[in-house]
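Work through the exercises below with the sequence and the model open side by side. Try each task before you read its solution.

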Amino acid sequence: MTGTRQRLILAVLVFSPLVIWMDNTILTIAFVRLADPERGLGASPGELQWAVGSYTLVFATLMFTAGVIGDRVGHRTVLVAGMVVFGLASVWGAYASSPAELIAARAAMGVGSALAVPATMAILTWAFTGPARASAFGAFSVSAGVGLAIGPVLGGALLDRFWWGSVFLVNVPIVVVALVAIFWVVPDFRSPRPRRLDVAGLVLPTIGLAALAYGLIRAGQVAAWVRWDVTAPIAAGLVLLAVFVLVELRIGHPSFDPRLLAQRVFGGGNAALGLLFLAMTGSTFFAAFYLQGARDYSPLAAGLAGGLPAALGVMLGAPLATRLVARSSVRRVAATGLAVSGLAMGGWSLVGLHTPLVWIEALSFVQGLAIGTVIAPVSTAVMSVLPLERAGAGSAVNNTVRQTGSLLGIAAGGTIMSIVYRRGIESDLTALPGQVREQARVSAEQARHVAATTNRPDLVEAADRAFMHAMHVASLWMMAIALAGAVVLAFAFRPARSERPAPASEPERDERAANPV
């Protein structure tokens, strides 16, 4: 394959998934608008959690199957199918008439993403070898960072001028251009030895994670943990996930190989990444409501103040981590970065209704920068301990752990917020009429809306107080989870006794610093 052809393929594969990365952050800017009963869909916190969770759930569990299908029918075919599904689902989401319909459309978008992303990575692996492959995957990672950075700003600009559905409809022209380019440039690679379809690997984790997420989100809706409709689905989800692990251990070529997690570096590193994504997603949930709801910033201002600094921090953190690891080790750099990101998440507990915007921007940037110093070096380190023939299985585990962490983060973070908010505002609702009381109990956004229609400014103040307290509590929980991840990472990446070197000269220390762990 000529260098020109390779460059064209890389350009297309960097551009095509841009819309998928962008969509991961563009929706958070629309949360407050979607919760508005008049300008949006009047979605409750639980429904917004599912709008994110349905996408992540399908994305996490369908990736294995998508890779197997690509081996059989061709990865370009699967990539095209994924982009078509994603584009059509975006149109469906844009014109959804209820929260339930939006949740279904988001799940369909997750199907498209789950088909497109593994196919893109497989094509890059086939089209490039040696150092060129590393550069190609680097460019692919940069496109993800660019998409994450564009999402909040573009979403804010659209919401300032158009209705909420525009944040989904903007995907369509990008998908059309990508499809034309894929058909024109990308060859249809397929494996000469396709893998068997793992039906249990698709069904069991999908139902298990769905039940677990349902139980967590239901706890927020009823503001209680000890109820049968909360504990039963959580217990059922955990049992199904345990059965899934047992089934995969008995299969010769499982789509998700639990044996890999028994390795200290691989298992501990992925556990730390899962905890990071859980805390990061949970903190994103309350940050969007704080800027647009409690502070009444426009969507564009909220995107510029919160989403953009964090995304830029992640983009700058990755190359910074590469330089720091060369001088030190992944253990020191990533564990420190994870701890700093946790402290930054906890910093939201010090934020008030009148905190200067520059402090919010600084906090978001530091959090993003610290996260950027964790993801790339830890992902590289956990993959480097596996033999080449296990790289595909290791990548599947790594991606699944991240998406599972994100799913649990949006479920747990939103639930903590809902429970603490309801308990905080309850005493201020006793004298209100029944319908007003029930609507205000749902969320701070609903309380502000009903306060405006009934001319009760005291209710706005009560909702703001309850929301801020809920945000502070949730931020401390997310901090604790991230700090737990730092401890896990430091423990997993510790040198074994046999690996601990004797005191060495400066050149020898420099040589050892190149070791990823």
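The exercises that follow concern a predicted model.

**Exercise 1. A helix pair**

Task: Find how helices α4 and α5 are oriented to each other, and list the residues through which they meet.

Solution:
- Step 1. Locate the helices. α4 covers residues 45-73, and α5 covers residues 75-94.
- Step 2. Take the geometry. The two pack at an angle of about 150 degrees, and their axes lie 8 Å apart.
- Step 3. Classify the angle. Angles over 145 degrees count as roughly antiparallel. α4 and α5 are therefore roughly antiparallel to each other.
- Step 4. List the contacts. α4 contributes Tyr-55, Ala-66, Gly-67, Ile-69, Gly-70, Asp-71 and Val-73. Facing them from α5 are His-75, Thr-77, Val-78 and Phe-86.
- Step 5. Sort the contact residues of α4 and α5 by class: 6 are nonpolar, 4 polar and 1 charged.

**Exercise 2. The cavity**

Task: Search the whole structure for cavities of 30 Å³ or more, then describe the lining of the largest cavity.

Solution:
- Step 1. Count. The search returns 1 cavity of 30 Å³ or more.
- Step 2. Size it. The largest cavity holds about 160 Å³ of space.
- Step 3. Look at the residues around it. The lining of the largest cavity has 18 residues, and those closest to its centre are Pro-45, Met-417, Ser-443, Ala-444 and Glu-445.
- Step 4. Assign elements. Two or more lining residues come from each of α4, α12 (264-294), α16 (391-425), α17 (434-442) and α18 (444-454). α16 gives the most, with 5 residues.
- Step 5. Sort by class. The lining of the largest cavity has 11 nonpolar, 4 polar and 3 charged residues.

**Exercise 3. Buried or exposed?**

Task: Place Ser-364, Pro-37 and Gln-221 in the fold. Are they buried, partly exposed or exposed?

Solution:
- Step 1. Start with Ser-364, which sits in helix α15 (residues 357-384). Its relative accessibility is 5%, so Ser-364 counts as buried. Beyond its neighbours within four places in sequence, Ser-364 contacts Ala-305, Gly-306, Pro-309, Ala-310 and Trp-348.
- Step 2. Move to Pro-37, in the loop between α3 (31-35) and α4. Pro-37 counts as partly exposed because its relative accessibility is 34%. Val-450 is 413 residues away from Pro-37 in sequence, but the C-alpha atoms are 9.6 Å apart in space. Not counting residues up to four places away, Pro-37 touches Gly-42, Gln-439, Gln-446 and His-449.
- Step 3. Finish with Gln-221, in helix α10 (residues 199-222). With 29% relative accessibility, Gln-221 is also partly exposed. Gln-221 and Ile-419 are 198 residues apart along the chain, with 7.7 Å between their C-alpha atoms. Outside its neighbours within four places in sequence, Gln-221 is in contact with Gly-46 and Arg-422.

**Exercise 4. Positive phi**

Task: Inspect the backbone at Asp-296 and Asn-455. In which loops do these residues lie?

Solution:
- Step 1. Check Asp-296. Its phi is positive, about 60 degrees, although the residue is not a glycine. Asp-296 belongs to the loop between α12 and α13 (299-327). Asp-296 has 65% relative accessibility, so it counts as exposed.
- Step 2. Check Asn-455. Its phi is near 55 degrees, again a positive value in a residue other than glycine. The loop between α18 and α19 (457-492) contains Asn-455. Its relative accessible area is 66%, so Asn-455 is exposed.

Key:
Residues are numbered from 1 along each chain as its sequence is written. This is a predicted model: local features need pLDDT of at least 70, side-chain atom pairs count only at pLDDT 80 or more; totals for chains, interfaces and linings use all residues. Side-chain values use heavy atoms; hydrogens and water are left out. Axes are lines fitted to C-alpha atoms, for helices over the stretch in contact, and angles run from 0 to 180 degrees between N-to-C directions. Helices (H or I, at least four residues) and strands (E, at least two) are DSSP runs, numbered from the N terminus. Angles under 35 degrees count as roughly parallel, over 145 as roughly antiparallel, 65 to 115 as roughly perpendicular and the rest as oblique. Contact means heavy atoms within 4.5 Å. Ala, Val, Leu, Ile, Met, Phe, Trp, Tyr, Cys and Pro count as nonpolar, Asp, Glu, Lys and Arg as charged, and the others, Gly among them, as polar. On a 1 Å grid over the protein atoms alone, a cavity is a set of points where a 1.4 Å probe fits but cannot get out, and a pocket is an open set with protein on both sides within 12 Å along at least five of seven lines; lining residues have an atom within 4 Å of a point. Grid points are joined across faces, edges and corners, and a volume is the space filled by probe spheres set on the points. Buried means under 20% relative accessible area, exposed over 50%, partly exposed in between (1.4 Å probe, protein chains only).
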